[in-house]
Structure formats: structure tokens, C-alpha cells
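Open the structure in your viewer and get ready to select a few side chains. This tour goes from one aromatic ring to the next, with a stop at some charged neighbours.

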Amino acid sequence: MLRLSVPVMLLLLALGGGVASCEAPEKKPGPGRLPASAPALRAVLVHFDQQWAMRKLWEDGLAEVAVYDAERTVYQKKRTFEYTQITVKEEFNQQFNVKTDSYRRNDLFPVMKINQFCQIATDQYPYHYLTSLFFRRDQPVALYKLTSSSQEWCGNTFKAIVDDGVNFDETYDSYWDNQGVGNRDLRRDVFLEDALSYSLRALKFERRPAFALTVLDLQQTNRATPPVYYDAYLKTAAAPAADAPEPAWRVDLLLAPGKKNVYWFAKQYPNVLVRQTTWDGRTLRLKSTRRYAYWPR
């Protein structure tokens with residue numbers, strides 16, 4: 001599998017592309033399998049509040065719905081659109097590994113669900129993305145389950161990643177040649193780039209954490225290529241007042257030389273993501289947030 005190394009100079013953190021379309025792939029995937037290394041992930045947990053999602057706020061039965069003004073490059077052109085992220089507590093059952101309909105079962109456990117949805121208009125046709133991430137409620141860092149799908153006029157792509165206790169097991173179904181239908185093992189000692197807008201909310205910001213981590217590249221795409229892992233470095237600081245609409249923490253993530261993401265989180269709990277920029281031109285800027293019962297009764 002392809003690994004992108006970061007040189008020692010990234011410790012100084014001199015911090016400071018776009019959607020795949022129906023055209024030829026841009027990334028060159030790496031071959032092979034790599035078993036998980038759980039200690040590598042456990043080593044960074046000291047920087048996170050494992051009780052972040054255990055607060056009473058998430059017991060009201062409502063979802064946090066955050067809406068963003070967003071940009072992303074599609075067909076070599078910057079597109080503007082609306083991006084929605086939903087965060088809510090749910091009860092899963094172990095038998096089907098999904099939200100339960102019956103609360104009388106004895107195999108229930110709580111999770112936090114993060115749904116990320118957008119529709120991107122282009123000159124050719126619209127793109128639709130929906131990614132669902134699930135974390136055990138008391139584990140804001142270690143992914144439990146992911147599903148991600150894309151729909152556009154060329155076809156559908158679907159990916160699912162599930163923690164099997166040793167690795168992440170990925171299954172995929174893509175309309176792209178040389179991808180098609182299949183499954184593979186992924187490393188389990190990683191942060192998913194898609195999940196950082198949730199996981200980084202649990203950082204112990206006041207301690208200004210800075211540490212190395214491994215990041216699995218973005219899964220919210222219309223492709224099912226083998227994974228790319230980044231040996232990344234993260235650094236936290238108080239954000240300048242001009243950077244965000246409210247007092248915020250700034251988290252700089254250097255994935256590789258020339259590839260930097262920046263995230264701004266509100267200082268006040270629940271530390272909502274208020275702004276994001278990424279090396280490949282994706283941006284988010286918080287437009288509104290509310291607590292809402294978005295499902296029909």
C-alpha cells in the first residue's frame with residue numbers, strides 16, 4: 001500500500017485537485033495488505049477526551065445539523081454548493097450492526113452517527129455524495145463503521161468499512177474499470193480524513209496538542225481505489241480572531257509536503273467545526289447550526 005512520508009522538518013510545522021470525475025484516475029494506488037497496529041492509535045488517545053460524546057447534550061433525542069457554504073473542484077473548476085453534516089446519538093444492535101427499531105433487545109449499544117451530504121452542480125450533471133460514519137459513543141477516535149456512496153450520470157459507487165477487530169474490512173462496488181466489485185483489508189490504526197470533522201472535536205484543545213498520526217485519505221469520492229495513507233503531523237493553537245466568526249481553536253494537519261489541511265473548531269462545547277480548508281481545494285464555512293428531529297415520527 002502506498003505510504004506518503006513526511007520529513008523531519010514537518011516537526012517545525014511550516015504550515016503555511018478535486019473530485020474525481022468520469023476522467024482517468026489521478027492517483028497511483030499502492031498494492032498489498034498491511035495488518036493493523038493498535039498500539040499506534042492508542043498512543044495518541046491521551047490527546048483526546050474519550051468522554052466528549054457522553055455529555056447530556058446528546059440525550060435530548062435531537063440531531064445537531066450543521067450547514068456549510070462549501071467549495072470543491074470538479075472537472076478542473078471550482079464549484080460552490082451547500083454541505084450538511086448531521087451528528088446524533090443512536091442505539092445500534094449487534095445482530096444487524098445498524099440502528100435498532102426495538103429497544104427491548106439485550107444486544108444494544110450507543111453510537112454517534114455523523115452523516116455528511118452534498119449535491120454539487122456541474123456543467124455536465126450533478127454529483128451526489130452521502131457518507132455515514134459511526135463511532136462507539138465512548139470512542140470518538142476509533143472508527144466503528146463507514147458507508148459512503150456517490151451518484152452521478154456515469155454511475156454509482158459504494159464503499160463500506162467495518163471494524164472486524166483486527167483490521168478494517170472494506171467492501172466496494174464501483175462503476176470504474178479495474179475497480180468493479182471487491183473487498184480488502186485496511187489498516188485499523190488510522191484516522192479517516194472524512195471523520196476528522198468529528199474526531200478532532202474531542203481534542204484536549206487547552207493543552208495545545210501536537211503529535212504524529214496516520215491518516216487514511218478521503219473516502220467521499222466516486223472511486224474505489226486502494227487506500228493512500230499519510231504519515232501526518234497535527235498541531236493545535238488558538239485561532240486569530242479574524243479567522244473564525246467566534247472564538248475558535250485552529251488545528252493544522254500536515255499530511256505531506258505541500259498537502260496541508262486546516263480545521264477551526266469553536267472553543268465552546270460542543271466544539272462545532274466552523275471552518276475548513278484542504279490542500280486539494282475543498283472548503284467549508286459554517287452557515288448555520290441547530291438541533292433538530294429530522295426523522296419522521
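Start by selecting Y125: in this predicted model, its relative accessibility is 10%, so Y125 counts as buried, the cut-off being under 20%. Now add W153, which at 65% relative accessibility counts as exposed. What do the two rings do together? Their centres are 5.5 Å apart and the planes of Y125 and W153 meet at 25 degrees, so the pair is stacked. Trace the chain between them and you will see that the pair links distant parts: Y125 lies in the loop between β5 (108-120) and β6 (127-136), while W153 lies in the loop between β7 (145-152) and β8 (155-163), 28 residues apart from Y125.

Next, select F205 and W249. This aromatic pair is stacked too, at 5.8 Å centre to centre and with 5 degrees between the planes. F205 sits in the loop between α2 (196-199) and β12 (210-216), and W249 belongs to strand β14 (residues 248-256), so here again distant parts of the chain are linked, 44 residues apart. Both F205 and W249 are buried.

For a bigger selection, pick W52, W58, F135, Y198 and Y269, which ring pairs link into a cluster. Keep Y269 on screen and add R55: its charged end sits over the Y269 ring, 3.9 Å from the ring centre. A similar view awaits at K259, whose charged end sits over the ring of W279, 4.4 Å from its centre.

If you would like to keep exploring, a search of the whole structure finds 20 aromatic pairs.

Technical notes: Residues are numbered from 1 along each chain as its sequence is written. This is a predicted model: local features need pLDDT of at least 70, side-chain atom pairs count only at pLDDT 80 or more; totals for chains, interfaces and linings use all residues. Side-chain values use heavy atoms; hydrogens and water are left out. Rings of Phe, Tyr and Trp (its six-membered ring) pair if their centres lie within 6.5 Å; planes under 30 degrees apart count as stacked, over 60 as edge-to-face and the rest as tilted. Helices (H or I, at least four residues) and strands (E, at least two) are DSSP runs, numbered from the N terminus. Buried means under 20% relative accessible area, exposed over 50%, partly exposed in between (1.4 Å probe, protein chains only). A charge sits over a ring if NZ of Lys or CZ of Arg is within 6 Å of the ring centre and within 35 degrees of the ring normal.
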